[in-house]
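Visitor: Please take me through one part of this model in close detail. I would like to see how two domains meet.

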Amino acid sequence: MKSFALIATAAMGLEAVVADEVRRLGYECQVENGKVTFEGDELAICRANLWLRTADRVKLKVGEFKATTFEELFEQTKALPWADYLPVNANFPVIGKSVKSTLFSVPDCQAIVKKAVVESLKERYHVSWFEETGPLYRIEVALHKDTATLTIDTSGAGLHKRGYRARQGEAPLKETLAAGLVQLTNWTPDRPFVDPFCGSGTIPIEAALIGQNIAPGFNRDFVSEQWGWIGEKTWERAREEAEDLANYDQPLDISGFDIDHRMVEIAKTNAMEAGFADLVSFKQMQVKDFRTRKEYGVIVGNPPYGERLGERREVEAMYRDMGKTFSALDTWSIYILTAHKEFEKHYGKKATKRRKLFNGFIETHYYQYWGPRPPKEKTNGQ
């Protein structure tokens, strides 16, 4: 099988988590801002799309070069082996972006790349017109400090679209970020897991997928499934591997609570779509009413941030309630994502560790309060 240069794009702050996932798939990788690069064959394209929980999408890098003039962009794009990837009937729209580059007009760059790809394909296929009625190959020209990177998107819809979210609330957390929040904790599937601000259920559902080692892309389609040079058999092999690795017998203790009964119903619907109706429980509850006798559990929450002035005092009071309630959970580990700069002051305790993450375009911090490690017999599920 041929080897390709692949790029897993990532939200700022999640690159190291994506890199860990890529390495767990067996590929060496390099971490850069907003992306993780690695080499792999056709099977790697399938596996990366199926398994990467925290990446935004997987792109195939066709080429990279310096370009400060439109002529350089045209000639070097044309010289790339486009016909190795694009069949004669390929539908190949071009999107673009430019940051700190001499060639700053994105529409012009897109038009030039499109023309160059057409000229390259003409030489291979000996035709003068391309109908573009076949499979989709979305090309991107990304210019950064005068370096042009040409990629083809292998994912289609972003990887956060798992296929289980039937309904959502006003400000849903992306599934990729939710998975990242879970993976940045010390949780293991034999420990209790609670989300006290569950909204539409994304964090508990992602925890369940992780707990049973279910590939997050298992129930969706990818644009590269239509690409002849990857082939159905390669995709079948990747899906069979995912099925074999899933641990559907792993018992889980995962709960989600929310103050809004409508969100609880939405969360139940989404859990049912994901196949976890009997495994993940949801209930209407205020955070200050949470009590448990269970030990060594993990709480992951994305509470309201109080960004609107009228909400700030209410939210700060809720953070104080949360601090008092959680102070009784002396064996638990607690992880809270918020954009509120004074969270620790209101919560009443300094975090063990803080990590900067972006929830969409909102800069947030992930406040981590590490509890003690469970004794050996606890980690064995006894």
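Guide: What follows is a close look at the interface between the two domains.

This is a predicted model: local features need pLDDT of at least 70, side-chain atom pairs count only at pLDDT 80 or more, and totals for chains, interfaces and linings use all residues. Residues are numbered from 1 along each chain as its sequence is written, and side-chain values use heavy atoms, without hydrogens or water.

The chain splits into domain 1 (4-153) and domain 2 (175-214 + 239-369); the bounds come from an automatic or database domain assignment. Their C-alpha centres lie 35 Å apart. In contact (heavy atoms within 4.5 Å) are 14 residues of domain 1 and 19 residues of domain 2.

The buried area is about 1300 Å², with 56% from carbon and sulfur atoms. That is accessible area (1.4 Å probe) lost when the two parts are put together, summed over both. Leu50, Trp51 and Arg53 lose the most on the domain 1 side, together 47% of what that side buries.

Now the polar part. One salt bridge is counted between the domains. A salt bridge here is a side-chain nitrogen of Lys or Arg within 4 Å of a carboxyl oxygen of Asp or Glu. Arg47 and Glu241 form a salt bridge through their side chains, at 2.8 Å, N to O.

Helix 1 (15-24), helix 2 (42-51) and strand 4 (55-66) each supply at least two residues of the domain 1 side. Helices (H or I, at least four residues) and strands (E, at least two) are DSSP runs, numbered from the N terminus. Helix 1 gives the most, with four residues.
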